[in-house]
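Trainee: I'd like to learn how to read pockets, cavities and helices in a model like this one. Can we go through it together?

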Amino acid sequence: MNEQSLAIRKFSDLANPTRFLALSGAVWPWMAAATALFFAVGLYLCFATVGDYQQGETVRIMYVHVPAAWLSMMCYSVMAISALGTLVWRHPLADVSAKTAAPIGACFTFIALVTGSLWGKPMWGTWWVWDARLTSVFVLFLMYLGLIALNRAVDDPARAAKVGAILILVGFVNIPIIKFSVDWWNTLHQPASVIRLDGPAIDPEFLRPLLVMAIAFTLLFFTLHVLAMRNEILRRRVATLRRLAARSAGRGASGPATAGRGEGHP
Amino acid sequence: MTHLGYVAVAYAATFLTVAGLVLWVWLDGRARRRDLAILEAAGIRRRSAGEAQ
């Protein structure tokens with residue numbers, strides 16, 4: 001392949017996995033560096049800012065809990081867009097994207113649940129309650145695990161992609177439920193205080209580290225997602241090459257008489 | 001547990017989860033590149049890679 005054919009001129013050129021590998025290979029070190037930089041500044045701000053006058057030191061849990069919770073929902077939204085890409089446009093990389101985002105989303109949801117629990121014990125007096133917000137996020141975690149299990153259970157990537165995409169889109173109904181659960185039902189969890197129509201109801205002292213950490217977590221997600229997509233493309237190449245090798249080995253060993261039978265297999 | 005204790009455990013849990021995720025992606029990538037190298041050493045290449053040469 002020469003340089004010319006690897007150039008990306010249109011967004012649709014990304015559909016070519018070889019072009020995607022070339023572009024992402026050049027971009028990911030920069031993404032990783034930006035992630036490290038934002039985490040360095042964010043973590044410094046997390047501990048350099050003052051504690052809350054009511055919550056004391058525990059307010060610092062917010063700087064990892066809130067970005068992780070945002071990312072758990074954004075990751076599912078990325079998967080829903082990818083699912084549309086699989087079903088509507090049959091984009092060859094869409095199902096690679098959806099499949100590789102699931103474990104990352106599960107990790108962020110896990111972080112949100114664990115840190116939320118560790119914040120709930122000192123502030124609410126309980127590790128866990130089965131109320132709307134907490135339960136709907138737990139359901140999101142279970143959906144991630146289900147999608148991972150589905151992808152591992154079905155051998156053929158094309159079939160897994162189709163079933164997975166439909167499941168992702170059905171499960172997307174949970175995202176607005178999570179977002180508005182704090183407004184629609186009685187819950188221990190506080191309502192939104194950053195993304196509101198009347199502006200953030202949170203002091204700049206706490207908002208600054210929170211936003212830097214949110215950017216750091218977002219960059220972390222996209223870096224890991226791109227790298228996981230590269231791994232998945234390589235995994236599929238290995239599978240194709242092994243199939244090719246097995247087929248040609250079978251042909252070479254048994255001669256032309258049985259070659260026709262081998263060709264007949266899908 | 002003191003308030004600072006809850007904060008420490010929360011950050012530790014976050015760090016361990018993220019570190020595990022990064023490690024998994026890195027090791028997976030290394031194993032896949034090794035698989036491809038072994039196949040290539042055995043003379044098995046993608047058709048498109050063969051045409052370019």
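Trainee: Let me start with a single side chain. Which residues does A:E232 touch, not counting residues up to four places away in sequence?

Mentor: Keep in mind that this is a predicted model. A:E232 touches A:V96, A:K99 and A:T100. A:E232 itself sits in helix α8 of chain A.

Trainee: Is A:E232 buried or exposed?

Mentor: Buried, because its relative accessibility is 3% and the cut-off for that label is under 20%.

Trainee: Now the empty space. What is the general idea?

Mentor: Rolling a probe the size of a water molecule over the atoms shows where empty space is left. Here the largest pocket holds about 900 Å³ of space. It has 38 lining residues, and those closest to its centre are A:H65, A:V66, A:R133, A:H189 and A:Q190. The elements giving two or more residues to that lining are α3 (62–89), α4 (94–124), α5 (132–153), α7 (174–184) and α8 (204–254) of chain A.

Trainee: Which element gives the most to the lining of the largest pocket?

Mentor: That's α4(A), with eight residues. As for the chemistry, the lining of the largest pocket has 26 nonpolar, nine polar and three charged residues.

Trainee: What is the volume of the second largest pocket?

Mentor: About 730 Å³. Its lining has 25 residues, and you've already met one of those closest to the centre: A:E232, listed with A:K99, A:N151, A:R235 and A:R236. Two or more lining residues come from each of α4, α5, α6 (157–171) and α8 of chain A, and from α1 (3–41) of chain B. The largest share of the second largest pocket's lining, eight residues, belongs to α8(A).

Trainee: How many charged residues does the lining of the second largest pocket have?

Mentor: Ten, alongside eleven nonpolar and four polar residues.

Trainee: And how many cavities of 30 Å³ or more are there?

Mentor: One. The largest cavity has a volume of about 100 Å³. Its lining is made of 14 residues, with A:A98, A:K99, A:N151, A:G164 and A:I168 nearest the centre. So look out for A:K99 and A:N151, which are listed here and also among the residues closest to the centre of the second largest pocket.

Trainee: Where does the cavity lining come from, by element?

Mentor: α3, α4, α5 and α6 of chain A each supply at least two residues. The largest share, five residues, comes from α6(A). By class, the cavity lining has nine nonpolar, three polar and two charged residues.

Trainee: Let's finish with helices. What should I keep in mind about side-chain directions?

Mentor: An α-helix has 3.6 residues a turn, so residues three or four places apart point the same way. For length, take α3(A): its 28 residues reach 39 Å from first C-alpha to last, close to the 40 Å expected at 1.5 Å a residue. After α3(A) comes A:R90, with a positive phi near 50°.

Trainee: Which residues of chain B does UniProt annotate as "transmembrane region"?

Mentor: In an unreviewed entry, UniProt gives residues 6–27 of chain B. That span is 100% helix and 0% strand, with end C-alpha atoms 31 Å apart. For chain A, the UniProt "transmembrane region" spans, also from an unreviewed entry, include 132–151 and 163–182. Residues 132–151 of chain A are 100% helix, with end C-alpha atoms 29 Å apart. Residues 163–182 of chain A are 90% helix and 0% strand, and their end C-alpha atoms lie 31 Å apart.

Note on methods: Residues numbered from 1 in each chain as written. Chains lettered and ligands numbered in written order. Predicted model: local features only at pLDDT ≥ 70, side-chain atom pairs only at ≥ 80, totals over all residues. Heavy atoms only, no water. UniProt positions renumbered as here; feature names shortened; annotations may be inferred. Helix = DSSP H or I, 4+ residues; strand = E, 2+ residues; numbered from the N terminus. 1 Å grid on protein atoms, 1.4 Å probe; cavity = no way out; pocket = protein on both sides within 12 Å on 5 of 7 lines; lining within 4 Å. Points joined across faces, edges and corners; volume = space filled by probe spheres on them. Nonpolar A, V, L, I, M, F, W, Y, C, P; charged D, E, K, R; others polar. Expected span 1.5 Å × (residues − 1). Buried < 20%, exposed > 50% of the residue type's maximum accessible area, 1.4 Å probe, protein only. Contact = heavy atoms within 4.5 Å.
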